[in-house]
Amino acid sequence: MARRLAAALLLLGMALFGTLSVSAQDESPELGQEAAKLLIDPASLGDGWSLHHTASPEALYSYGFEMSPDVFREGAAGVYVGPQGSRVLLAALLITENRIAIRKSWEDASNLVDRITFSLDLDYDRQRELESAEPPAGCAEAKRAEGKESGFGLPVGVTMCAIDPDVILIAAAFGAVDEHEGVAASDAVIELILDSTTEQPTATATTPATASTTVTIVAGKPSELQFEPSRVEIPANTDVTVVLRSDGILAHNFTIEELGIRVSVRPGEEAEFTLNADAGTYTFSCTVRGHEEAGMVGTLIAA
Ligand SMILES: [Cu+2]
């Protein structure tokens, strides 16, 4: 048992600081550019934090993590180092779009979390509590673990979050992050990522589009979880062509429950549909789990 723990700790150190990943990195796929957008700026973690390195998640091979292209289309990992030995490991995994891949990806990512927490001293009561806790805002599903690093006693929190059926984020926080420890720290990192993709867009987003019979609505840009514009005016009782586009990295939809409209778009795709509404004010939203709650809503005014 002691040897297993020692081996696990050694692997942990290697994955975090990349001392042994040199040979593996040579064969690793490139750092995924789309996934890399989900890695946060070290400054957002607080004073004294820096990005130690970024890598393809293949660098997590020491945890036995295999990034199968059948399951994951892209990924990126970042290792951040902070004050007093604290560090954060962040992985963003983009999943190949099919049902089997989505299920398998959750299993693979879960296994990775298990391996990260394998070497920790866990409190089982706390673990049960975490299992029934609500996922962080913006996460459709979450898995968390909290414990102390054997030997060093550093508090560790791990949060895995599915922000969409096809994106999984894993944050592991060793030591304190902005005065948080354990799962509070790893949750805070996940929230930072979701916040940075939902930043208030520039003034143009609130500028009402003029009443027109053609309207373009962009999802996913400049903020992943917002519509641009978020306020749309159309003439009442008139056929209006709506062009819906996703410029983000997630799939989104445009839904107006009252009008029975739901149109989905995948990243980089465009959909066109006709809208005809009686005079009134309607709410449109994206019903992908967690998106509306994160601010993916808008107002449609037919007048
Ligand atoms: Cu959405």
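How many bridges join strand E8 (residues 214-219) to E11, and do they run parallel or antiparallel? Six bridges link E8 to E11, and the two strands run parallel. Here strands (E, at least two residues) and helices (H or I, at least four residues) are DSSP runs numbered from the N terminus, and two strands pair if DSSP finds at least two bridges between them. The model is a predicted one, in which local features need pLDDT of at least 70 and side-chain atom pairs count only at pLDDT 80 or more, while totals for chains, interfaces and linings use all residues. Residues are numbered from 1 along each chain as its sequence is written.

Within the E8 and E11 pair, Val215 stands opposite Val242, and Ala219 has Ser246 of E11 as its bridge partner. E11 is also joined by six bridges to strand E14 (residues 270-275), this time antiparallel; here Leu244 is partnered with Ala271 of E14. Together these strands belong to an open sheet of four, in the order E9-E8-E11-E14, with mixed pairing. Its edges are strand E9 (227-228) and E14, each of which pairs on one side only. Five of the seven residues of E11 (residues 240-246) are buried, so this strand is largely enclosed by the rest of the structure. A residue counts as buried if 20 or more other C-beta atoms, placed from the backbone, lie within 10 Å of its own, as exposed if 12 or fewer do, and as partly exposed in between.

A second open sheet has seven strands, in the order E1-E2-E3-E7-E6-E5-E4, with antiparallel pairing. Strand E1 (50-55) and strand E4 (120-122) form its edges, each pairing on one side only. From one strand to the next, the twist averages 25°. Strands E5 (residues 141-149) and E6 (residues 155-164) run antiparallel and are joined by eight bridges, with Lys143 partnered by Met160 of E6. Helix H5 (residues 124-131) lies across E4 and E5, at about 160° to E5; axes are lines fitted to C-alpha atoms, for helices over the stretch in contact, and angles run from 0 to 180 degrees between N-to-C directions.

Turning to the interior, the largest nonpolar core (buried Ala, Val, Leu, Ile, Met, Phe, Trp, Tyr and Cys residues joined through C-beta atoms within 7 Å) has 80 residues. Val88, Leu90, Leu169, Ala172 and Val189 have the most contacts inside it. Domain 1 (2-196) and domain 2 (203-302) each supply at least three residues to this core, the bounds coming from an automatic or database domain assignment. Leaving aside neighbours within four places in sequence, Leu169 is in contact (C-beta atoms, placed from the backbone, within 7 Å) with Leu38, Ala92, Cys161, Ile163, Ile190 and Ile193.

Terms used
Contact = placed C-beta atoms within 7 Å.
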